[in-house]
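Here are a few exercises to work through with the model open beside you. Try each one yourself before you read its solution.

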Amino acid sequence: MFEIAIRNKANTIHVNDTHSKLNPSWVREIARPTSAEDVQRLVLCARNAGLSISIAGARHAMGGQQFGAGTILCDTASFDAVLSLDVEHGLVEVEAGITWPKLVADLHRLQPGSAAPWTIAQKQTGADRLSIGGAVAANIHGRGLVMRPFIGDIEELSVVTADGARARCSRG
């Protein structure tokens, strides 16, 4: 995938929601980190320069929260891997930029011939090309009225804080 940078007089880049196209925004620049350390450096550089960051993986949010005007857009789309799958306990570790369809495909690929493969509970909305990081950030609830919000399925998160530190957050 490539990006055409359309700049205006203020030298900002036009971005928009990938599904609805209803959230046109102008960001200062697009950063594409490829490691947690890159994200940490980005946060520190932005903080030192007095700039704000917006984060988007699949560039879709029901309310347009993925973009902030004049911010540095941290594009997490390259963080799209399944890091581990514990088939005994049904735990999967993923990167924040992975989309639901890629997660389902990777779970299928990682469990060839399994009689009862692990998969996901249908928690996403009608638009399924959402990143897991975005789903966590928005605490999506999906369409299952008797299902708990998505955060109920999360055991642990690794986050980069506003001061550039990495933190692990868990229920324990």
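**Exercise 1.** How far apart are Asp-38 and Arg-41 in helix H1, counted in helical turns?

*Solution.* Start with the helix: H1 covers residues 36–49, and the two residues sit three apart in it, so about one helical turn separates them. Next, look at the side chains in this predicted model. Asp-38 and Arg-41 form a salt bridge, with 2.5 Å between the closest N and O atoms. That fits the cut-off, which asks for a Lys or Arg side-chain nitrogen within 4 Å of an Asp or Glu carboxyl oxygen. Last, check accessibility: Asp-38 has 21% and is partly exposed, and Arg-41, with 47%, is partly exposed too.

**Exercise 2.** Take the salt bridge between Arg-109 and Asp-106 and work out which partner is buried and which is exposed.

*Solution.* First, place the pair: both residues belong to helix H2 (residues 100–110), three residues apart, so again they are about one helical turn from each other. Their closest N and O atoms are 3.7 Å apart. Now apply the cut-offs, under 20% for buried and over 50% for exposed. Arg-109 comes in at 54%, so call it exposed. Asp-106 has just 9%, so that one is buried.

**Exercise 3.** Where in the chain do Arg-59 and Asp-75 lie, and are they buried or exposed?

*Solution.* Begin with the contact: the two side chains meet in a salt bridge, 3.2 Å from N to O. This pair links distant parts of the chain, since Arg-59 is in the loop between E4 and E5 while Asp-75 is in strand E5, 16 residues away. For accessibility, Arg-59 has a relative accessible area of 11%, which makes it buried. Asp-75 is buried as well, at 9%. One more step: salt bridges with shared partners tie Arg-32, Arg-59 and Asp-75 into one network. Across the model, the count of salt bridges is seven.

**Exercise 4.** In what order do the three strands of the open sheet lie, and is their pairing parallel or antiparallel?

*Solution.* Read across the sheet and you get E3-E5-E4, with parallel pairing. The edges are E3 (29–31) and E4 (53–56), each pairing on one side only. From one strand to the next, the twist averages 30°. Now zoom in on E3 and E5 (residues 72–75): three bridges join these parallel strands. For one such pairing, go to Glu-29, whose bridge partner in E5 is Ile-72.

Note on methods: Residues are numbered from 1 along each chain as its sequence is written. This is a predicted model: local features need pLDDT of at least 70, side-chain atom pairs count only at pLDDT 80 or more; totals for chains, interfaces and linings use all residues. Side-chain values use heavy atoms; hydrogens and water are left out. Two strands pair if DSSP finds at least two bridges between them. Helices (H or I, at least four residues) and strands (E, at least two) are DSSP runs, numbered from the N terminus. Axes are lines fitted to C-alpha atoms, for helices over the stretch in contact, and angles run from 0 to 180 degrees between N-to-C directions. Buried means under 20% relative accessible area, exposed over 50%, partly exposed in between (1.4 Å probe, protein chains only).
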